[in-house]
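Thanks for making time this morning. Please have the sequence and the model open while I talk. I'll go through strands, then the ligand, then the cysteines.

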Amino acid sequence: MNFSIGHEVSLVYIGKARNLEASFYKDKKNQEFSKGINNGNLISSYGIGDYRLPSILIKNGDGSYCSSFSFHSYKEMEGDYEIKGLPSSHGKGKTLVFSFIDNDNEIKAEVFVSSFSDCSCFSSSVKITNNSGEKITIERLSSLQIDFPFGEDEVYSFDGCWAKERMKHKTLLKGGRLEVDSFTGSSSAFHNPAVVIKNKAGYFGINLIYSGEHKTSIETDGYMRTRVQTGINDFMFSFDLLPGESFHSPEACLFQGESVDEISSSSHEFIKKHILPPFWAGKPAPIVFNSWEGVYFDFDGPLLLKMARKAKELGGELFVVDDGWFGKRDNEFSSLGDWTDYEKKTGGIGKLADEIRGLGLKFGIWMEPEMISQESSIYVSHPEYALVIPGKKPIKQRNQLYMDLTRKEVRDYVVFSVGNVLDATKASYLKWDYNRNFTDIFSASFPNREYLFRYMLGFYEVVSRIQKEHPLVLMEGCASGGARFDLGILCYFPQIWTSDNTDPRARIPIDMSTLLFYPSQTTCNHIACSPNNNSHLTSSLEDRFNTALLGNLGYELNPCLLTEKEEREVKKQTALYKKLRPFLLEADSYLLGDLPFTPLGGEIYVSKDQAEALAIFIQMRKTREKRLRLKGLNPKLNYKIGNRPKPVSGEEIMTKGIPIRELKYKVSKENTDKIGTLRVLIKSELSD
Ligand code: DGJ
């Protein structure tokens, strides 16, 4: 990607970032960077004759909204820079900081564009500094803007709801504006911040390192130009800046490639190398047995211990006590915020944790630290901890309210109570849940449109303090399943519970879209019981295992209820997974087919040297199509596919595909819920 700097700074070449050496074209006449009105490209503003959505909207000290930023200078930096209070990528290569000045209003805008030496990604963030003598208000600030000189884009967005997160949609945009955004206060189950744009220049993947409300807008104007912006959703956002103060936007990422697969690979690499906490990035995830779908709130200490004993016998490595172990929590109505042992029920959570460890398992615990129940002792003693509008009956979702993390005493309380639980149980793992969306936003201390951003600052402060104090505790993000699956969360939580939907057939579209941007090691897939508790559909253990292999394996059932035959099968699964795990963690992964749009598809894990691969094939419906093209192999090598005697060249496997006769997909009028899955090891002559 190259930049041209003249009256404005613009993108003049977009190519593989790996070969990036950003170059600058000085003004041809003067051989100097010339100054003038900036009208598009890296930033854009309102009131100067550009009638597209501006990336920056500022209410100036005099109440006007016109900004005329012109390019001033640029500097180069090496290494990381900090965005105060927000997570950002680590291990940056070069960063170019372009400064634009609005002389009329004495405001500076700096655009930080970073490259990464080992992965094909750019990132961008924007910092506004108020150099005037008056208060100004930022009302809109995109982290990234790209202007394409041509219109007509295909936009892939990932939209959904609870238990149906991130369904892939394609929209052809020939005119007007498409906005992919969230209004829930978080990145949301409704619209993920990850977006793919396909146009004449290729494929572009966009994502945002932020877990609050986001907005990506794609606008095609009458001149058939496309403007793409991404950043904090401006709908419920503003930020006051007093003289001398600055505001730095979250960091956005841009991936460029010639196919969706290239976007996907770049995003995976970027997340593994520059987003995940370095301590956890290369560590294998333990095989978790989680109590939730097995027993919900209905347990006691002896039952959990029995389940843990069985989990150990079956090859489990970590037992998680999910919701229901604290306060007086027998249902969803009470106790959030009372992070003390429900001793009558657990028999002593510290003792139970010791006993579980005594079995040779690690111990994990569930908490929902951002929430408070009105039926709790903490609410009785500190009603002011809850986010409400004074005098108004708050809207409750799942019978709970938010802890007001914009208040310091609340943040301290949360850090203290989570720390206490981790210390008392010596837990190795914390499942951090988040089960509602924002309503009733209010603060007496600052403008209400700042609330959601300030909440995110509070949230990030809390999780980073906990992470610093308990660096060895693996934290798993969860939000009623995958309602907060984003790069901001992944900076602290190396893995995320992908969805509460544990039915394998329904889960496949969720996994497929999730894996497009996010690598397998960030997604948690648990085998639940059959018939499934939510869908009531049956599935074989083999199909559940194969689909769970799309992410980190776990079990979400009462293992004591398995039949002897099932137990034998689960033992084989956990043993196989342990063998495969180092390979899965190291491997590159590619999506096969385009599930659920194509009947056949799946995922292939390929070792870095392309010598070995593991393919998970999935058939979703009846089809005459019996061949599937694989990806990521070396076209010049010959591969042995499963037990087939004759090796096939990588080229043939990837162009003609391989026949998948073994898929035992059966569909009948009565039973349309089946899937067929197949797991195949692929080895080249190099792997012997
Ligand atoms: C929602 C989560 O997604 C579930 O896995 C479980 O932890 C429940 N919350 C517990 O309340």
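**Strands, ligand, cysteines**

Let's start with strand β14, residues 202–208. Seven of its seven residues are buried, so β14 is largely enclosed by the rest of the structure. Keep in mind that this is a predicted model.

Which strands pair with β14? One is strand β13, residues 195–199. β13 and β14 run antiparallel, with five bridges between them. They make a hairpin, and two residues sit between the strands. To find the register, look at V195, which stands opposite I206 in β14.

Another partner is strand β19, residues 252–257. β14 and β19 are also paired in the antiparallel sense, over six bridges. Here I206 faces L254 in β19. So I206 is a handy residue to click on: V195 stands opposite it, and I206 in turn stands opposite L254.

Next, strand β15, residues 214–220. Is β15 mostly covered or mostly open? Mostly covered: seven of its seven residues are buried. Take the faces one at a time. On one side you have H214, T216, I218 and T220, and they are all buried. On the other side you have K215, S217 and E219, and they are buried too. Both faces of β15 are covered.

Now the pairing of β15. Strand β12, residues 176–181, joins β15 through six bridges, and the two run antiparallel. V180 is the residue opposite T216 in β15. Then comes strand β16, residues 226–232. β15 and β16 pair over seven bridges, again in the antiparallel sense. I218 has V228 in β16 as its bridge partner.

β15 and β16 form a hairpin with five residues between the strands. Check the backbone there: M224 takes a positive phi near 55°.

On to the ligand. How many residues surround the ligand? There are 13. The closest are D322, D323, K431, D433 and D500. What does the shell look like by class? Six residues are charged, four are nonpolar and three are polar.

Some distances for your notes. D323 has a polar side-chain atom 2.7 Å from an oxygen atom of the ligand. For K431, a polar side-chain atom lies 2.8 Å from a ligand oxygen. In W497, an N or O atom of the side chain is 3.3 Å from an oxygen atom of the ligand. How much of the ligand does the protein cover? On its own, the ligand has 290 Å² of accessible area, and the protein covers 98% of that.

Last topic, the cysteines. How many disulfides does a search of the whole structure find? Zero.

Let me go through two cysteines. Start with C119. Its closest cysteine sulfur is in C121, at 5.2 Å, and that is too far for a bond. The cut-off for a disulfide is 2.5 Å between the sulfurs. C119 is also buried, with a relative accessible area of 0%.

Now C491. The closest cysteine sulfur to its own is in C253, 9.0 Å away, again too far for a bond. C491 is buried as well, at a relative accessible area of 10%.

To recap. β14 has seven of seven residues buried, and so does β15. The protein covers 98% of the ligand's accessible area. The disulfide count is zero. Over to you for discussion.

Notes:
Residues are numbered from 1 along each chain as its sequence is written. This is a predicted model: local features need pLDDT of at least 70, side-chain atom pairs count only at pLDDT 80 or more; totals for chains, interfaces and linings use all residues. Side-chain values use heavy atoms; hydrogens and water are left out. Buried means under 20% relative accessible area, exposed over 50%, partly exposed in between (1.4 Å probe, protein chains only). A residue is near a molecule or strand if one of its heavy atoms lies within 4 Å of it. A polar contact is a pair of N or O atoms within 3.5 Å; within protein, one must be able to donate a hydrogen and the other to accept it, and residues adjacent in sequence count only if both atoms are side-chain atoms. Accessible areas come from the Shrake-Rupley method with a 1.4 Å probe; for residues, only the protein chains shown count as cover. Ala, Val, Leu, Ile, Met, Phe, Trp, Tyr, Cys and Pro count as nonpolar, Asp, Glu, Lys and Arg as charged, and the others, Gly among them, as polar. Helices (H or I, at least four residues) and strands (E, at least two) are DSSP runs, numbered from the N terminus. Two strands pair if DSSP finds at least two bridges between them.
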